[in-house]
Amino acid sequence: MQIPLLSFFTGGGFLDIGFELAGFEIALTNEIKPAFADMYASGIASWRASRKIRSPGSKEVTARVSIEELQAPEVLEMVFSGGKPGIFGIVGGSPCPDFSVAGKNEGVDGERGKLTQVFVDLICAIRPTFFVMENVPGLYRQKKHKPYLERILAQFGEGA
């Protein structure tokens, strides 16, 4: 049995490919940017064909909307209409320029930085067995962003 994953900020699908190679099933993908969503569809199909992989996972992005438009009950119903499985995960890399030294460095108050909190809230509402949240080193290396990092770590701890 493959462990299902919900993938947010899917982008071109490179994180998904890694998890699929490790035996997980990508059950939901979410990407708002049309160019990335189209790249995912083309790239994942080509990659699977080149490796002769017959995956039950879709080659299309499931939800081409902002994560701000997604609510936990609807996501769970869309993916697990018969109820949540005993084990499933969430993966994603929220937009990072607002935490990057090379980016705007506006943190959680930045236009894209706010999406990190939306992602954290969605993870806490869905309550997966596990999650992987990829981001840039600036989130934990810069003093400016450490209080926010500590706040989200505490938020994750509250649900344990």
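**Surface patch.** I began with the nonpolar surface and found a patch of about 340 Å² made by Phe14, Phe36 and Met39; the model I am reading is a predicted one. Of these residues I looked up Phe14, which lies in helix 1, residues 14–21. Because its relative accessible area is 65%, and exposed means over 50%, I entered Phe14 as exposed.

**Aromatic pairs.** I then turned to the rings and noted that the structure holds seven aromatic pairs. One of them joins Phe8 and Phe119, whose ring centres are 5.9 Å apart and whose planes stand at 55°, so I recorded the pair as tilted. This pair links distant parts of the chain, since Phe8 is in strand 1 (residues 4–8) and Phe119 is in helix 4 (residues 113–126), 111 residues apart. Are Phe8 and Phe119 buried or exposed? I found a relative accessibility of 1% for Phe8, which therefore counts as buried, and 0% for Phe119, which counts as buried as well. I also noted that ring pairs link Phe8, Phe9 and Phe119 into a cluster.

**Ser94.** Next I looked up Ser94, which I located in the loop between strand 3 (89–92) and helix 4. Its relative accessible area is 2%, and because buried means under 20%, I entered Ser94 as buried. Which residues does Ser94 touch, if those up to four places away in sequence are not counted? My list reads Phe9, Thr116, Phe119, Met133, Glu134 and Asn135. With Thr116 there is also a polar contact of 3.1 Å, which joins the side chains of Ser94 and Thr116. I noted that Phe9 and Phe119, both touched by Ser94, also belong to the ring cluster with Phe8.

**Salt bridge.** Last, I checked the charged side chains, and a search of the whole structure gave one salt bridge. In it the side chains of Arg64 and Asp38 meet at 2.9 Å, N to O. The two residues come from distant parts of the chain: Arg64 is in the loop between helix 2 (34–50) and helix 3 (72–79), whereas Asp38 is in helix 2, 26 residues apart from Arg64. How exposed are the partners, Arg64 and Asp38? Arg64 has 37% relative accessibility and so counts as partly exposed, while Asp38, at 43%, likewise counts as partly exposed.

Notes: Residues are numbered from 1 along each chain as its sequence is written. This is a predicted model: local features need pLDDT of at least 70, side-chain atom pairs count only at pLDDT 80 or more; totals for chains, interfaces and linings use all residues. Side-chain values use heavy atoms; hydrogens and water are left out. Patches are made of residues with over 30% relative accessible area and no salt bridge: like charges are joined within 9 Å, nonpolar side chains (Val, Leu, Ile, Met, Phe, Trp, Tyr) within 5 Å. Accessible areas come from the Shrake-Rupley method with a 1.4 Å probe; for residues, only the protein chains shown count as cover. A salt bridge is a side-chain nitrogen of Lys or Arg within 4 Å of a carboxyl oxygen of Asp or Glu. Helices (H or I, at least four residues) and strands (E, at least two) are DSSP runs, numbered from the N terminus. Buried means under 20% relative accessible area, exposed over 50%, partly exposed in between (1.4 Å probe, protein chains only). Rings of Phe, Tyr and Trp (its six-membered ring) pair if their centres lie within 6.5 Å; planes under 30 degrees apart count as stacked, over 60 as edge-to-face and the rest as tilted. A polar contact is a pair of N or O atoms within 3.5 Å; within protein, one must be able to donate a hydrogen and the other to accept it, and residues adjacent in sequence count only if both atoms are side-chain atoms. Contact means heavy atoms within 4.5 Å.
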